[in-house]
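Colleague: I am new to this structure and would like to understand why its parts carry the labels they do. Could you show it to me, and then take my questions one at a time?

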Amino acid sequence: MRLVLLGPPGSGKGTQAARLKVELGVPHISTGDMLRAAVAAGTPTGLKAKAVMDAGKLVSDDILLAMLEERLSQDDVKGGFILDGYPRNLAQADALDHLLAKIGQPLDAVVKLDVPNEVIIARCEIRFAAEHRKDDDPVVVRDRLKVYAEQTAPVADFFARRGKLQVVDGVGELDEVTARVKRALAAESAAANG
Ligand code: AMP
């Protein structure tokens with residue numbers, strides 16, 4: 001299963017991906033986690049990305065594509081993957097398309113977690129209090145939601161136009177949301193198998 005999880009910051013993509021990877025037996029690739037690891041390790045990529053991430057803006061497409069290309073060339077993704085946090089704009093959606101075509105691994109499904117902004121803001125406040133991620137500061141969260149609306153929302157339309165998008169209600173108990181995602185994936189594979 002090659003799956004992209006879409007949704008605004010704080011929509012639960014990371015949490016759901018961590019659960020789905022166990023069920024689907026494929027790795028969870030989070031570009032946000034990869035960047036945070038690069039920042040923590042003080043790599044050249046991390047040094048470039050830190051201020052941009054703290055401000056809730058998007059790190060450059062070149063950095064992301066190089067990182068993703070390297071990750072998708074590793075052996076553990078041969079049987080599929082769950083991609084979380086990428087693509088985040090139309091240029092990245094296009095780049096992903098080309099990259100997956102090049103390695104002969106087209107996407108099976110794209111699932112968007114739908115969560116209203118007021119729920120996102122409340123969730124990020126809780127995460128900010130617990131984890132102190134600078135980009136969960138309520139002021140930055142509003143900027144991230146703006147970036148999402150302007151740059152990432154069109155990515156959902158991009159996949160919808162290809163008949164690839166499943167929208168799932170992301171509000172509710174974790175188990176319930178996981179069950180909804182699994183139902184959406186089952187519907188997608190039933191449709192693909194005619
Ligand atoms: P996330 O954990 O997915 O919310 O990502 C945290 C931050 O990492 C984002 O706010 C961006 O600054 C950066 N980031 C993660 N993925 C991408 C991406 N695909 N393109 C650009 N920046 C990204």
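Modeller: By class, the residues lining the largest cavity are seven nonpolar, three polar and two charged ones. The model is predicted, so local features need pLDDT of at least 70 and side-chain atom pairs count only at pLDDT 80 or more, while totals for chains, interfaces and linings use all residues. Residues are numbered from 1 along each chain as its sequence is written, and side-chain values use heavy atoms, with hydrogens and water left out.

Colleague: What makes a lining residue of the largest cavity nonpolar, polar or charged?

Modeller: Ala, Val, Leu, Ile, Met, Phe, Trp, Tyr, Cys and Pro count as nonpolar, Asp, Glu, Lys and Arg as charged, and the others, Gly among them, as polar. The lining includes Leu-5, Pro-8, Lys-13, Gly-85, Arg-88 and Thr-152, and therefore Leu-5 and Pro-8 are nonpolar, Lys-13 and Arg-88 charged, and Gly-85 and Thr-152 polar.

Colleague: Why is one space called a cavity and another a pocket?

Modeller: On a 1 Å grid over the protein atoms alone, a cavity is a set of points where a 1.4 Å probe fits but cannot get out, whereas a pocket is an open set with protein on both sides within 12 Å along at least five of seven lines, and a lining residue has an atom within 4 Å of a point. The structure holds one cavity of 30 Å³ or more, and the largest cavity has about 60 Å³ of space, against about 910 Å³ in the largest pocket. Each volume is the space filled by probe spheres set on grid points that are joined across faces, edges and corners. The largest pocket has 41 lining residues, with Gly-10, Lys-13, Arg-127, Arg-133 and Arg-144 nearest its centre.

Colleague: How do you know whether Asp-136 is buried or exposed?

Modeller: Buried means under 20% relative accessible area, exposed over 50%, and partly exposed in between, with a 1.4 Å probe and protein chains only. Asp-136 has a relative accessible area of 0% and is therefore buried, whereas Arg-127, at 23%, counts as partly exposed.

Colleague: Why is the pairing of Asp-136 and Arg-127 called a salt bridge?

Modeller: The term asks for a side-chain nitrogen of Lys or Arg within 4 Å of a carboxyl oxygen of Asp or Glu. In this pair the N to O distance is 2.7 Å, so the rule is met. Salt bridges that share partners join Arg-127, Arg-133, Asp-135, Asp-136 and Arg-144 into one network, and the count by this rule comes to 19 salt bridges.

Colleague: What are the exposure labels of Asp-76 and Arg-71, which also form a salt bridge, and how do you know?

Modeller: Asp-76 has a relative accessible area of 40% and is therefore partly exposed, while Arg-71, at 14%, counts as buried. Their closest N and O atoms are 2.8 Å apart.

Colleague: What makes a group of residues a nonpolar core?

Modeller: Such a core is a set of buried Ala, Val, Leu, Ile, Met, Phe, Trp, Tyr and Cys residues joined through side-chain atoms within 4.5 Å. The largest one has 27 residues, and Leu-68, Leu-72, Phe-81, Leu-83, Leu-96 and Leu-107 have the most contacts inside it. Apart from it lies another core of 14 residues, including Leu-113 and Val-177.
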